[in-house]
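Please open the model in a viewer and keep the selection tool at hand. The tour below proceeds stop by stop, with a selection suggested at each one.

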Amino acid sequence: MAASAPKSLSPEQEEELDEVFARARAALAVIETYDQERVDRLIRAIAWAVANRSSFHRLVEMGIDESGLGDFDSRMNKRMKIRGVLRDALRSPSVGVIEEDVEKGLVKYGKPVGVIGCVVPTTNPDLTPAGNAIYAVKARNVVVFSPHPRSKLTTLETVRLMREALEAEGAPADILQCITLPSLAASQEIMSRSDLVIATGGQGLVRAAYSSGTPAYGVGAGNATEFVDETADLQETARNCMLSKTSDFGSGCSADGNVLVPASRYRDMLDALQAEGGHLVTSAQRAALQAVMWDAEGHRLADTVAVSPQALAAAAGFDIPSDRRFILVEGDGIAEDKQFCKEKLTTLMAVHAYEGSFEDGVELAKQLYDIGGKGHSCGIASTDDAHIDYFARQMPVSRIMVRQPNSKANAGAFTNGMPMTSSMGCGTWGGNITSENVSLKHYLNTTWVSRTIAEDRPSDEELFGDFYDASLESDAALTAAP
């Protein structure tokens with residue numbers, strides 16, 4: 001979404017928003033009364049309505065036809081993410097007592113946050129509403145979705161299926177609503193009227209969310225990078241990079257955009273990536289790709305976002321074989337004026353060699369994140385635990401995947417412990433309020449109840465250690481003070 005000033009709302013949009021929020025408040029008064037068993041049944045119902053193979057197949061086809069973005073096979077796999085979100089939601093309490101610490105005399109109670117405004121990206125018009133809805137309903141909230149205009153029909157259909165599931169269970173359909181007249185102005189109005197905003201999209205959208213006057217969870221820009229050390233299995237690493245890069249034609253902010261490799265292993269890494277379906281372009285073809293991916297001022301051009309490698313090559317004026325799964329370019333440096341070290345959001349990956357030691361390579365990785373993607377994600381291909389520890393201590397990112405495909409792992413996977421989500425905070429590095437995967441706890445208000453416990457007051461000697469001087473606490477010290 002653009003950062004420029006939006007046009008004002010039309011009378012029709014004003015009327016729709018007034019009606020939607022009136023119904024949302026009425027539905028909130030109902031869902032707030034539900035117990036844990038009731039909301040757990042509801043989230044199963046709405047998740048199945050979207051995530052069953054037949055429905056999701058139709059939604060994926062609809063979303064790709066409507067937006068012109070994405071890859072059918074890999075997008076179909078995203079229905080597994082809905083299962084993961086449901087798994088995490090079912091395993092956590094959200095009504096009444098959700099946590100108790102007897103030693104500290106604390107009991108925590110989960111409460112709804114209210115009406116949530118969710119802005120849906122065009123690249124996930126079905127997954128994002130389903131994931132948001134599961135966590136929101138689990139926490140006894142209601143949601144108003146603002147679809148992207150380029151994929152609004154898909155989001156409307158996704159929400160319609162979930163509304164039908166709510167009604168079949170005797171719950172108000174208006175727990176979940178989607179506006180039919182989307183625009184930047186409408187999204188901003190939803191943000192200002194809601195009690196909480198979940199904003200998944202570009203930086204203009206996230207800035208609008210944070211300036212809306214409503215508490216908001218947004219995401220920072222991605223530029224996922226795979227860092228390779230001397231101990232890495234290059235075949236395994238190349239396969240992980242391929243899986244990350246090709247998922248939904250590289251549309252996700254977690255898709256590998258860069259690979260940093262020791263100079264001594266650089267050519268071997270290029271060979272391994274080509275064996276996994278990468279097409280290595282010439283320097284002339286790289287220049288042609290840059291011309292169709294970025295304008296003269298370095299702004300990413302929309303026409304080549306989330307397209308197949310064959311379509312990307314054709315846009316740049318050359319052909320590649322039909323069996324190639326992504327395009328490889330050799331990095332020409334890491335600097336502000338070097339576009340290929342920045343976020344690509346398509347089926348292109350840049351490979352960069354680093355000279356010197358492992359630590360020298362980490363410094364180069366930090367420079368790369370200073371240019372773009374700070375706070376989001378990166379991966380490390382290493383079997384050296386000391387290297388992994390050093391990397392984790394140094395890198396300004398919120399999540400690091402060890403020997404995993406970044407875009408299939410950092411938002412949660414069935415083979416790691418990351419919370420399942422479609423929204424990932426980037427901390428203050430990325431201008432966000434959280435560095436966590438946005439999950440159930442972010443959809444809850446919490447009431448803390450405190451009871452007295454045995455006094456827990458350390459002595460001054462324990463607290464101040466070597467700095468403690470008993471003489472300065474004495475009455476004599478007070479009278480002797482100048």
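**A guided tour**

Begin with Phe-464, which lies in helix α17 (residues 460–464) of this predicted model. Phe-464 is partly exposed, its relative accessible area being 47%. Now add Leu-463 and Phe-467 to the selection: with Phe-464 they make up a nonpolar surface patch whose accessible area together is about 410 Å².

The next stops concern salt bridges, of which the structure holds 23. Select Lys-138 and Asp-40, which form a salt bridge with their closest N and O atoms 2.6 Å apart. This pair links distant parts of the chain, since Lys-138 belongs to helix α6 (residues 127–138) and Asp-40 to helix α2 (residues 36–51), 98 residues apart. Both Lys-138 and Asp-40 are buried.

Proceed to Asp-248 and Arg-75, a salt bridge in which the closest N and O atoms are 3.1 Å apart. Here too distant parts of the chain are linked: Asp-248 is in the loop between α10 (234–246) and β9 (258–262), Arg-75 is in helix α4 (residues 72–76), and their positions lie 173 residues apart in numbering. Asp-248 is buried, at 1% relative accessible area, and Arg-75 is buried as well, at 0%.

Then select Glu-164 and Arg-160, a salt bridge with its closest N and O atoms 2.5 Å apart. Because they are 4 residues apart in helix α7 (residues 152–168), about one helical turn separates them. Glu-164 is partly exposed at 41% relative accessible area, and Arg-160 is partly exposed at 34%.

Finish with Glu-14, Asp-18, Glu-189 and Arg-193, which are joined into one network by salt bridges that share partners.

Terms used:
Residues numbered from 1 in each chain as written. Predicted model: local features only at pLDDT ≥ 70, side-chain atom pairs only at ≥ 80, totals over all residues. Heavy atoms only, no water. Patch = residues over 30% accessible without salt bridge, like charges linked within 9 Å, V, L, I, M, F, W, Y side chains within 5 Å. Areas by Shrake-Rupley, 256 points an atom, 1.4 Å probe, with all protein chains shown as cover. Salt bridge = Lys/Arg side-chain N within 4 Å of Asp/Glu carboxyl O. Helix = DSSP H or I, 4+ residues; strand = E, 2+ residues; numbered from the N terminus. Buried < 20%, exposed > 50% of the residue type's maximum accessible area, 1.4 Å probe, protein only.
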